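Trainee: I'd like to learn how to read a model like this one, feature by feature. Can we start with the backbone and work our way to the ligand?

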Amino acid sequence: MCGIVAYIGPREAYPILIKGLHRLEYRGYDSAGVCLLHDELQIYKCKGKVSELELFIDGQDTSGTIGMAHTRWATHGEPNQVNAHPHYSMNKSLAIIHNGIIENYGTLRSELINRGYVFTSETDTEVLIHLIEDIKENEKVELEEAVRIALNQVIGAYAIVVLSKENPDMIIAARKGSPMVIGIGKDEFFVASDATPIVEYTNNVVFMNDEEIAIIERNKELIIKTIRNKTTTPYIQKLELSLTSLEKGGFDHFMLKEIYEQPRSIRDSMRGRLHLEQGIISLGGIREYEQKLINARRIIITACGTSWHAGLVGEYLLEDLARIPVEVEYSSEFRYRNPIISEEDIVIAISQSGETADTLAAIELAKSKGATVLGICNVVGSSIARATHAGIFTHAGPEIGVASTKAFTAQVIVLTLMALKIAMKKGTITQSRFFQILSELETIPEKVELTLKKNDEVKAIAKIYKDVRNFIYLGRGYNFPVALEGALKLKEISYIHAEGYPAAEMKHGPIALIDAQMPVVVIATRRGTYEKVISNIQEVRARKGKIIAIINEGDEAVKKLADHFIEIPETEEFLVPLIATIPLQLLSYHIAVMRRCNVDQPRNLAKSVTVE
Ligand code: M6R
């Protein structure tokens, strides 16, 4: 959460910083600010989005070839101009931007107040810049050393950039727990929370590691040290990120573009892995751990939000196909629960961003207990991709809309390939069944494409229900995670209260909510517990609830029972989530647009949750 970007080089910094902030705005949009260094450290900041910052700055002097900028997701202190970043040190010789949380800020703040420091904001960040100034002035050390000493006193997570008016050709950047990438161009450097502000200028990047400090100086080599003062060699990597993948490409919103990208992203996530003609699945990223997976007595899946829902589908897949017991854990619960983990366990961490703080902590916990930790991640170079022992990337491409869509289906595809591969090796499915499933998998992108053609029908349903206050989503078996995901999508972008429930659980409580005003979305595809779901639909109808059914093509029985229906192509029971999720994504999208909500940047949310 929070996006940070900085630049030093021959160009004017301001346009690069503003463009960078727009790219990073998905990380938080409570307030935004810029600091430009030319003689003085000039800070401009305001509450609201980057576009509001641009209006605020309009007409001001924005010259300078070194600067930094920040877009905030508020943690300490309400979103207002005072709490917006950057923050000055007390004598205004230093300025800072920060992503993360300084947990011991209360103690540090009291000590600094006792030493005469005056705080203007409620943020934890201001503590850090006063502390750096204090160390610099009292210990008479260089800027980089002052930052290093200060960071040794800090408990918590940070990605910071510090500028000093006494060092007009230097940027100091550091990270622990929050991401940071340095772009290396010709005579210029870029620093950012992720590579999106950098890709336009260079594809040579260094992903900083935890507890590293970068000393970035004009026309000099990049220096990286640890906070224990050990110099390390920067590992320069080539970025594989296209600029067009960061644009809306003619769609009104990133979310809609990403929904429509799913035939492609599903195909890409299978490409080079599913070899239909040879009848094999190859998962290079986890090859070394294949035998361990085959022998696994238990798998624990850990994730948050939508990735947790994909994990739930993964549980069903791995148990159903590969016959391995699986537990699916919310990372935030798992990390504080003293879970029983042994060296024999395999933990699979799922994350789109690869930066979710709770999932990262869950990984570290599992590793400390000796478990093998595998990752399913969308962002190459991200903290989770690097923290796991091995893993498989979902090739969904950059997901910018805060609501996760194509990442979910890509995660489910990867889990499906994993489960099938283990099942085949273990002999829990026959070879002929395996081939049959591979052929079906190949048809999924096309079936998703056909489902996307139902957009207008979904939109018409959205129009009818856009003003309701509650929704219920029901599904059983593989469609239960789909119900949860449908409800999450609706609440996060349209602010309508929605509950996802296992259809049969409804009669144990939620049925009390059902009346003529309650829309109930039921995923009622054939196979599995289809007949049982029909009974659940009857129960809703008996209480006058409005049924919106997701059904297979030509299912006349449910059509008769439903107030509205969306037909989707038929597939294997365990592949249904890949298709049934699509109309639910579209439904929440259209409802949110009709309610004039900010679809790509819903209130209070951020794409990458780097605080716990
Ligand atoms: O990047 P991650 O997959 O680790 O993120 C996990 C959740 O924060 C994320 O899925 C969140 O729930 C989405 N906004 C849901 O659309």
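Mentor: Sure, start at P86, which sits in the loop between β4 (66-72) and β5 (87-88). Those element labels are DSSP runs numbered from the N terminus: helices are H or I with at least four residues, strands are E with at least two. This is a predicted model, where local features need pLDDT of at least 70 and side-chain atom pairs count only at pLDDT 80 or more, while totals for chains, interfaces and linings use all residues. Residues are numbered from 1 along each chain as its sequence is written, and side-chain values use heavy atoms, with hydrogens and water left out.

Trainee: Which form does the peptide bond from H85 to P86 take, cis or trans?

Mentor: Read omega: here it is near 0°, so to speak the signature you want, and the bond is cis.

Trainee: Where else should I look at torsions?

Mentor: Look for positive phi outside glycine. N229 has phi near 75°, in the loop between β13 (223-226) and β14 (231-232). R527 also has a positive phi, about 80°, and lies in the loop between β25 (519-523) and α17 (530-542).

Trainee: Is N229 buried or exposed?

Mentor: Use relative accessible area: under 20% is buried, over 50% exposed, and partly exposed in between, with a 1.4 Å probe and protein chains only. N229 is partly exposed at 37%, and R527 is partly exposed at 43%. H564, in strand β27, is buried at 17%. The H564 side chain also makes a polar contact of 2.8 Å with the side chain of Y465. A polar contact is a pair of N or O atoms within 3.5 Å; within protein, one must be able to donate a hydrogen and the other to accept it, and residues adjacent in sequence count only if both atoms are side-chain atoms.

Trainee: How many helices and strands are in the chain?

Mentor: Count 19 helices and 27 strands. The radius of gyration is 25 Å, close to the 25 Å that the globule rule gives for 612 residues, so the chain is as compact as a globular protein of that length. That radius is taken over C-alpha atoms, and the rule is 2.2 Å times the number of residues to the power 0.38. Buried residues make up 62% of the 612.

Trainee: Now the ligand. Which residues come nearest?

Mentor: S307, S351, S353, T356 and E492 come nearest, out of 15 residues around the ligand. A residue is near if one of its heavy atoms lies within 4 Å. For the polar atoms, check pair distances. Ligand oxygen atoms lie 2.6 Å from an N or O atom in the side chain of S307, 2.6 Å from one in the side chain of S353, and 2.7 Å from a backbone N or O atom of Q352.

Trainee: How much of the ligand does the protein bury?

Mentor: Compare the ligand alone with the ligand in place: alone it exposes 410 Å², and the protein buries 91% of that. Such areas come from the Shrake-Rupley method with a 1.4 Å probe; for residues, only the protein chains shown count as cover. Helices α9 (305-322) and α16 (479-494) are the elements that give two or more residues to the shell.

Trainee: Why does the ligand lie between domain 2 and domain 3?

Mentor: Because domain 2 (248-450) and domain 3 (453-602) both give residues to the shell around the ligand. The domain bounds come from an automatic or database domain assignment.
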